[in-house]
Amino acid sequence: MHQVEIRIEGRLDNSWTEWLEGFAFSYTEQDETILTGEVEDQAALYGLIAKLRDLGVKLISVNSVQQETGNAPLDVSFANRDEPEDIPDENTDGF
């Protein structure tokens, strides 16, 4: 299991805890909700993010939280991904 922290804009009522797979809710003075909990793998994380999207909330950040269990952290970065390699044009006759 991997510990993650998800920040969203606004205050999400903690009655959504069960639907959001038991994540704990906390709130900041900047009117943000911080969801903290565990996911099995990256696919489960994307499923959770899809649920948040369906609620119409704005994601601020998604972070992997280091645990002392020895699990490798999930790659949750979305920015600065490598661009796909250029695919050569199959049309080589100049058209």
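Buried, for this talk, means under 20% relative accessible area. Keep that cut-off in mind, because Thr33 comes in at 0% and therefore counts as buried. One caveat before I go on: this is a predicted model.

So, Thr33. You will find this residue in strand β3. What does Thr33 touch, once residues up to four places away in sequence are set aside? The list runs Ile6, Arg7, Ile8, Gly10, Arg11, Leu12, Phe25, Ser26 and Tyr27.

Two of those names deserve a second look. Take Gly10 to begin with. The Thr33 side chain reaches the backbone oxygen of Gly10 at 2.6 Å. Now Leu12. Its backbone nitrogen lies 2.8 Å from a polar atom of the Thr33 side chain. Along the chain, Thr33 and Leu12 are 21 residues apart. In space, their C-alpha atoms are separated by 6.2 Å.

Next door is Glu32, also placed in β3, which covers residues 32-39. Is Glu32 buried or exposed? Buried: its relative accessibility is 15%, and the cut-off is under 20%. Beyond its neighbours within four places in sequence, Glu32 is in contact with Arg7, Ile8, Gly10, Ser26, Tyr27 and Ile60.

Step back one more residue, to Asp31. We are now in the loop between β2 and β3. Asp31 has a relative accessible area of 40%, so it counts as partly exposed. Look at the backbone here. Phi of Asp31 is near 60°, a positive value in a residue other than glycine. Most residues other than glycine have a negative phi.

Where else does the backbone do this? Go to Glu21, where phi is near 60°, again positive in a residue other than glycine. Glu21 lies in the loop between β1 and β2, with β2 spanning 24-27. Its relative accessibility is 40%, which means partly exposed.

On to the helix. α1 covers residues 42-55, 14 residues in total. From first C-alpha to last, α1 reaches 20 Å, close to the 20 Å expected at 1.5 Å a residue.

Which residues of α1 are buried? Leu45, Leu48, Ile49 and Leu52. Looking down the axis of α1, the buried residues fall within an arc of 100°, so they line one face of the helix. What do they pack against? Three strands: β1, residues 2-9; β3; and β4, residues 59-65. β3 is the strand that holds Thr33.

Now turn the helix around. The face of α1 turned away from the buried side carries the exposed residues Ala43, Arg53 and Asp54.

Check both ends. At the N-terminal end, Asp41 caps α1. A side-chain oxygen of Asp41 lies 3.2 Å from the backbone nitrogen of Ala43. Just after α1 comes Gly56, with a positive phi of about 80°.

One last item on side chains. Lys51 and Trp19 meet through charge and ring. The charged end of Lys51 sits over the ring of Trp19, 5.3 Å from its centre.

To recap. Thr33 is buried at 0% relative accessibility, and its side chain has polar partners in the backbone oxygen of Gly10 and the backbone nitrogen of Leu12. Positive phi values appear at Glu21 and at Asp31. The helix α1 packs its buried residues against β1, β3 and β4, with Asp41 as its N-terminal cap. And again, the model is a predicted one. Thank you.

Definitions and conventions:
Residues are numbered from 1 along each chain as its sequence is written. This is a predicted model: local features need pLDDT of at least 70, side-chain atom pairs count only at pLDDT 80 or more; totals for chains, interfaces and linings use all residues. Side-chain values use heavy atoms; hydrogens and water are left out. Helices (H or I, at least four residues) and strands (E, at least two) are DSSP runs, numbered from the N terminus. Buried means under 20% relative accessible area, exposed over 50%, partly exposed in between (1.4 Å probe, protein chains only). Contact means heavy atoms within 4.5 Å. A charge sits over a ring if NZ of Lys or CZ of Arg is within 6 Å of the ring centre and within 35 degrees of the ring normal. The expected span of a helix is 1.5 Å times one less than its number of residues. The arc is that of the directions from the helix axis to the C-beta atoms. A polar contact is a pair of N or O atoms within 3.5 Å; within protein, one must be able to donate a hydrogen and the other to accept it, and residues adjacent in sequence count only if both atoms are side-chain atoms.
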